[in-house]
Amino acid sequence: MLDNRPELPPEIARRRTFAIISHPDAGKTTLTEKFLLFGGAIQMAGQVRAKGEARRTRSDFMAMEKDRGISVSASAMSFDFKEFRFNLVDTPGHSDFSEDTYRTLTAVDAAIMVIDGAKGVESQTQKLFEVCRMRDLPILTFCNKMDRESRDTFEIIDEIQENLAIDVTPASWPIGVGRDFIGCYDILRDRLELMDRADRNKVAESIEINGLDDPKLEQYVPEDQLNTLREELEMARELLPPLDRDAMLEGSLTPIWFGSAINSFGVKELMEGIASYGPQPQIQSAEPRQILPEETKVSGFVFKVQANMDPKHRDRVAFVRMASGHFKRGMKLTHVRTKKPMAISNPVMFLASDRELAEEAWAGDIMGIPNHGQLRIGDTLTEGEALRVTGIPSFAPELLQGVRAGDPLKSKHLEKALMQFAEEGAAKVFKPSIGSGFIVGVVGALQFEVLASRIELEYGLPVRFEASQFTSARWVKGDRQAVDKFVESNKQHISHDHDGDIVYLTRLQWDIDRVARDYPDITLTATKEMM
Ligand code: GDP
């Protein structure tokens, strides 16, 4: 991911599309709110949502589902910062929705990693970081809650370097700890940023400083803190790498800012960092060729589908990441999977809590397209060329259960509901070739509960999930003849997913090993590309 490419058109070059990754409670929601506040999208903090998604219980989740307008507007938010357009894509916080998270990260060019200054790198941060690493996403780090007792600065940096195997360079340096925290030294711009504890929505006072020997520092920083700052910064210069933008863009180095989201402190500096160092819209991998953002022809791909936002109309919104060109409302695009033209007449963009008609969109933007189910995750839209965006995976579910309609006469309805959730990416649905009924697969147990509630709420259909004889699912790959032969002699294990692809179901790893041994022409895989 390097920017040593021809210059992009200014409208594209000014776009920064990113997601925030963090462990529950680290401050993602608060930081998002402050982004919007400084982006001018909201007037006062506290309007986004009261709670972090991650801490939602099932009932919170259902309450949110009822008011899906909110969750949708939070899926992708756009706002301006100086001459830049920021597109912030929300990652679902709950670990049960990790597949969704993975796909969200295919739609961004960078991630902001938020950690709690007292807790350091926590489990969910680590997991999400690893997903970013798979894609070599550039990462900018925000160490939050510096207004409270936090760890030693070197210790925090060490922990990131050790646990995540990434180099860290300080963009700012905290002065004082906990109650004595007064602000940061902005290393990138030689400035002193002082935190105002009295007004949480006020931007820090910044004071130009002419290097660390500037006598002006003494006016603002108590002597002992100043001595510590000088010592620590000298040590930091010796021990830590300087900011190297290429290394950051490759994902091998992360700059770290220290701050306090709730006090609006350090947030602006982070935003400036995203603007000056964050990547522009990147090249998109696709077949038979990759897509460059500066191409004049429009293209984009669906990375998320949200259904039944209004239970009365079964409409869905497909979230599309624009990969190239300049889209204008009303354009006819080709839906590559079905080769059909689609007039995109009501696309929406989300400015904080408002949903707006998108008159135009550029490479890097995220657009919501209402539709009746034609658009699925992984679909590509172009101005005619048969391009297919690659790298949007579907993972084998880790939990499988059978599902039954409370009323057996309604099993057709059940099938419809299940197919819809499968297309939305909320679950995997398998139809075994022997017997009746469906097997539903998910990544986390909470998803079964959410599905049951949604089927009841959106289709008026009570359902029961029950233990299944299978525990693992693998997609079957191989040439036609080999697959046919395999299917013929393993009928009791065979099912089809909602795309019609063949899936092998079993409860024994032994079975999977046996297939590898007995059928050298067949591969069983735990992932498939969405298409
Ligand atoms: P999320 O779960 O990551 O979305 O975290 P939230 O933004 O909901 O924050 C979790 C808790 O930490 C809330 O009670 C916030 O008010 C609090 N919090 C967020 N930022 C700061 C901060 O800079 N300092 C302190 N002391 N608390 C904070």
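How many bridges join β6 to strand β11, and in which direction do the two run? I opened the notebook with this point, keeping in mind that the model is predicted. I found 4 bridges between β6 and β11 (residues 253-258), and the two strands run parallel. Within this pairing, I noted that Val168 has Thr254 of β11 as its bridge partner.

**Entry 1: the sheet that holds β6**

I then traced the sheet around this pair. I recorded an open sheet of 7 strands in the order β2-β3-β1-β4-β5-β11-β6, with mixed pairing. At its edges I found β2 (76-81) and β6 (167-170), each of which pairs on one side only. I looked up the turn between neighbouring strands of this sheet and found an average of 30°, direction ignored.

**Entry 2: the sheet of β7 to β10**

I next examined an open sheet of 4 strands, ordered β7-β8-β9-β10 and paired antiparallel. Its edge strands are β7 (172-175) and β10 (205-208), each pairing on one side only. The twist from one strand to the next averages 25°. I counted 4 bridges between β7 and β8 (residues 183-186), which run antiparallel. Opposite Pro174 I found Cys184 in β8.

**Entry 3: nonpolar cores**

Which residues have the most contacts inside the largest nonpolar core? I listed Ala111, Val302 and Val320, in a core of 98 residues. For Val302 I set aside the neighbours within four places in sequence and noted contacts with Ala318, Phe319, Val320, Leu375, Arg376, Ile377, Gly378 and Asp379. Apart from the largest core lies another, of 33 residues, and I entered Ala417, Ala427, Val476 and Val515 as among its members.

**Entry 4: helix α12**

I checked the length of α12 (residues 411-424) against expectation. At 1.5 Å a residue, its 14 residues should span 20 Å, and I found its end C-alpha atoms 20 Å apart, which agrees. Which residues of α12 are buried? I recorded Leu414, Ala417, Leu418, Gln420, Phe421, Ala422, Glu423 and Glu424. Ala417, one of these buried residues, is also among the residues of the 33-residue core. The buried residues of α12 pack against β13, β25 (399-405), β26 (428-432), β27 (438-442), α13 (446-459) and β28 (463-467). After α12 comes Gly425, for which I read a positive phi, near 85°.

**Entry 5: helices α2 and α11**

I looked up the packing of α2 (residues 28-38) on α11 (residues 267-277) and found an angle of about 75°, with the axes 10 Å apart. I therefore entered α2 and α11 as roughly perpendicular to each other, since angles of 65 to 115 degrees count as such. On the α2 side the contact is made by Leu31, Lys34, Phe35 and Phe38, and on the α11 side by Val267, Lys268 and Met271.

**Entry 6: Thr125**

Is Thr125 buried or exposed? I located Thr125 in helix α6. Thr125 counts as buried because it has 24 C-beta neighbours inside 10 Å, and 20 or more suffice. Leaving aside neighbours within four places in sequence, I noted contacts of Thr125 with Ile21, Ser22, His23, Met113 and Ile115. I also looked up its separation from Glu287: the two are 162 residues apart in sequence and 32 Å apart in space, C-alpha to C-alpha.

**Entry 7: backbone exceptions**

I searched the backbone for departures from the common pattern. Most residues other than glycine have a negative phi, and most peptide bonds are trans.

- I found the peptide bond from Glu287 to Pro288 to be cis, with omega near 5°. Pro288 lies in the loop between β12 (286-287) and β13 (299-307).
- I read a phi near 50° for Asp136, a positive value in a residue other than glycine. Asp136 is found in the loop between α6 (123-134) and β5 (139-144). It counts as exposed because it has 12 C-beta neighbours inside 10 Å, and 12 or fewer is the limit for that class.
- I read a phi near 60° for Lys339, again a positive value in a residue other than glycine. Lys339 is found in the loop between β16 (332-335) and β17 (340-343). With 9 other C-beta atoms within 10 Å, Lys339 is exposed.

Terms used: Residues are numbered from 1 along each chain as its sequence is written. This is a predicted model: local features need pLDDT of at least 70, side-chain atom pairs count only at pLDDT 80 or more; totals for chains, interfaces and linings use all residues. A nonpolar core is a set of buried Ala, Val, Leu, Ile, Met, Phe, Trp, Tyr and Cys residues joined through C-beta atoms within 7 Å. Two residues are in contact if their C-beta atoms, placed from the backbone, lie within 7 Å. Two strands pair if DSSP finds at least two bridges between them. Axes are lines fitted to C-alpha atoms, for helices over the stretch in contact, and angles run from 0 to 180 degrees between N-to-C directions. The expected span of a helix is 1.5 Å times one less than its number of residues. Angles under 35 degrees count as roughly parallel, over 145 as roughly antiparallel, 65 to 115 as roughly perpendicular and the rest as oblique.
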